[in-house]
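Hi everyone, thanks for coming. I'd like to walk you through a structure that's new to most of us, so have a look at it first.

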Amino acid sequence: MFHVRTVSALTRARADFHFKRLPSTRRLRSTVSSASTEQEDDVKTGGGGGGAPRSECPRQSGGSRGGERGAANEISVDFDQTQEAYKSKDSLELLRSLVVFKLCSYDFLVDKNKEIMDLGKKIMGQKGFDQFMKMTFYGQFVAGEDHRAIKPLIQKNQAFGVGSVLDYSVEEDISQEEAEQKEMDSCVSAAEKETIGKDHREKKYKVHKQFGDRRGKVTGARTYFYADEAKCDQHMETFIKCIKASALGGGSMDGFSAIKMTALGRPQFLLQFSEVLVKWRRFFIFLASQQGKDGMEALEQRLELTQLQEFLTKLGAKGDFYGWFTGRKEESTGCIDMLDWNSLIDDRTRISDLLVVPNVELGELEPLLEKFTVEEEKQMKRMLQRIDVLAKHALENGVRLMVDAEQTYFQPAISRLTLEMQRIYNREKPVIFNTYQCYLKEAYDNVTMDVELSRREGWHFAAKLVRGAYMYQERERAQEIGYEDPINPDYESTNRMYHRCLDYVLDEIALNRNANVMVASHNEDTVKHTLMRMNELGLFPTENKVYFGQLLGMCDQISFPLGQAGFPVYKYVPYGPVNEVMPYLSRRAQENRGFMKGAQKERELLWKELKRRLSSGELLYRPVY
C-alpha cells in the first residue's frame, strides 16, 4: 500500500518534527464483547448508550500463548474485603462517606443544592461555610485548595498503592445568559458574519444559542468558556502548575495531569476543524460504498485509485484525483485506506489551510469558509502552541498528560490534535493520553484507526476509555437541531462497546507492547473483565501497560484493593479553592444521586467495615504509612 508522506501544518505550528509513515503489519485480533448489568458511573463521565458490536475475528494465537504464560501467575482481587479496601481511612472518614452518599440520594437536596449552599453561606458566613464544606462534601470529593494543600492526601493514597490524576477543578460561576453569549461570540468567525449562507457549514458544527451553555445536563465534567487570549494563557499556566504538582507529588509513581482543549483557545477552530475531519471521512465512506465496500469495518475499507478516478470523472468531476496522493503514479500500489485518505489534509502551509473540503465537481480542495482574518489565524496557531508547551512540560517533568473528551462537535478536532501530539511526544514512551467515549457509535472505529496509525508510525498508543459524560445534552441537541444522534441506543450496548474497545487495545498490548490503556470506570464488572483478560493474555501489573482510574471519594473498594495487589490505579483528584470549586461539587452531587440509587454496594461495605471496627475495638483506628 502506498503511504502518503505526512508533514503536518499542525506539527509545524508546534515543532519541526517530520515523520514518514511506517509499513503496516496487519493482524487478526479478538473482538470479544461482554455485557454488564451493574449500574455505572465512569470516571469523568455520566451514563451512556451503545451499539451492539459484531465479533469478527477468532482470538489470535498470541492471546492463548499469553494465557499459558499467565496461568501460573494469575492475579485475583477481592473487592468485598473491607479491611483491606478501607485501611487508608480512619473511622470518621468512613462515616463522612456514608453521610455524603446518603445525602446525595435525596432528590430534594440535590435539586436544590445551590439554594441550600447559598443559605448556608448566609447563616454560617463564608469562613464557617468553607469549614463545613471541608468536613463534608468538599472533603469527600476535593483534595484541597492548592498544590501544597493536596500533597498529604496524594502521599497517603500513594502509600496504599493509589496514584493521582490531578485536575484543577475551578470553574467560572457565570449565568446561563452569560455562558450563551460567550459561546456565540467565540464560535462564529468574521467570515461567517459577512457571508451568511455562502459557506459550506453543517448545522451540527455551528453554534446554537439554545445549547450555548455547555454545562447544561452535564454532571461530571468541568466547562470552560472562551473570554480572550489572555485568559487562555492563564489556563495554560494553571495546567503547568498542575503538571509540576503531579511531578512533586508523584514519588515513585509517574503522575497524570488532566487538561481540556477548550480551555486553551477559541472553540471556533475546534468546531471548524471537526467539521472538516468528519466531511473527509464521510466522503471516503461514500466512495468506498461506490466500490462495493460499504458495511465493512473502517480499517478494512480500501479505495482502488483507478476506479476512484473513473467514478468521479463520470460524475463530471475534473482534476487528477489519483494525483492527490502521488505525483508519481508508479510509486503507488493503487490502493488507499482511511488513514492514507486522512493524510491529505496534513500537508498545509497555514493552519487555516487545514480547513478545506473536497469539491467533487471541480476535483479540487476548497476552503470551508471564504476567508480567515489574520487574528483568527494567530488564534488557531496560539492554541496549538499552548498545547505544545503543556506537552513539553509533561515530558520534562515525567508526567503523563490526559486530554479529556468533550462534546461531539468539538471531539474530532480534539482527538486529531491529541493524535498529532502523540506522534511527536509518544515516540519513546506514553506521555499523551487521548480519551475515547464508548457511548459513541463510532468509538470502535476511532480506537482501531488510531491503534493502526500508531503501529505504522512506531509510536506508543495511549488511551483512556470512558463511557461518556454528555449523553443527555448530545441527544437533545441532535433532536432539536436535526442531525443523527451520535450516542448508541442504550446502556447495555454501551457496555458492549466499552468492552469491545477495551478488548481490542488489550489484544494490541499483548501482541505489541507499545499500546497503553487506562480503564476509567467505576463498574466492578468491567474491572473484573479487564483482570480476566489480563490473566488470559499474560499481561502483568508490573508492566504498567494497563491502568485503572476512579474518582476521588468514590469506589475506594475497587481502587485500593487493586493498588495493594500491585495494579497501577489512579484517583482523579480535583482541587481548588472551596468557593471556586462549588460549581463542580454541585454537579458531583447530581451525579452521585443516580450512582447511589443504582448501586448500594459501596454503602453496604462502608457499614460493614464500621461495624467490624466497632466489634473488634478498632473504632479509633488510624492509618499508618
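Let's start with a term: a salt bridge here is a side-chain nitrogen of Lys or Arg within 4 Å of a carboxyl oxygen of Asp or Glu. The structure holds 35 of them. Before I pick some out, note that this is a predicted model, where local features need pLDDT of at least 70 and side-chain atom pairs count only at pLDDT 80 or more, while totals for chains, interfaces and linings use all residues. Residues are numbered from 1 along each chain as its sequence is written, and side-chain values use heavy atoms, with hydrogens and water left out.

Overall, the protein has 24 helices and twelve strands; those are DSSP runs, H or I of at least four residues for helices and E of at least two for strands, numbered from the N terminus. Of its 625 residues, 61% count as buried, meaning under 20% relative accessible area, with exposed over 50% and partly exposed in between (1.4 Å probe, protein chains only).

Now, which residue does Arg423 meet in helix α18? That's Glu457: their side chains form a salt bridge, 2.7 Å from N to O. The pair links distant parts of the chain, with Arg423 in helix α17 and Glu457 34 residues away in α18. Arg423 also forms a salt bridge with Glu420, again with the closest N and O atoms 2.7 Å apart. Those two are three residues apart in α17, so about one helical turn separates them.

And are these residues buried or exposed? Glu420 counts as buried because its relative accessibility is 1%; Arg423 is buried too, at 5%, and so is Glu457, at 2%.
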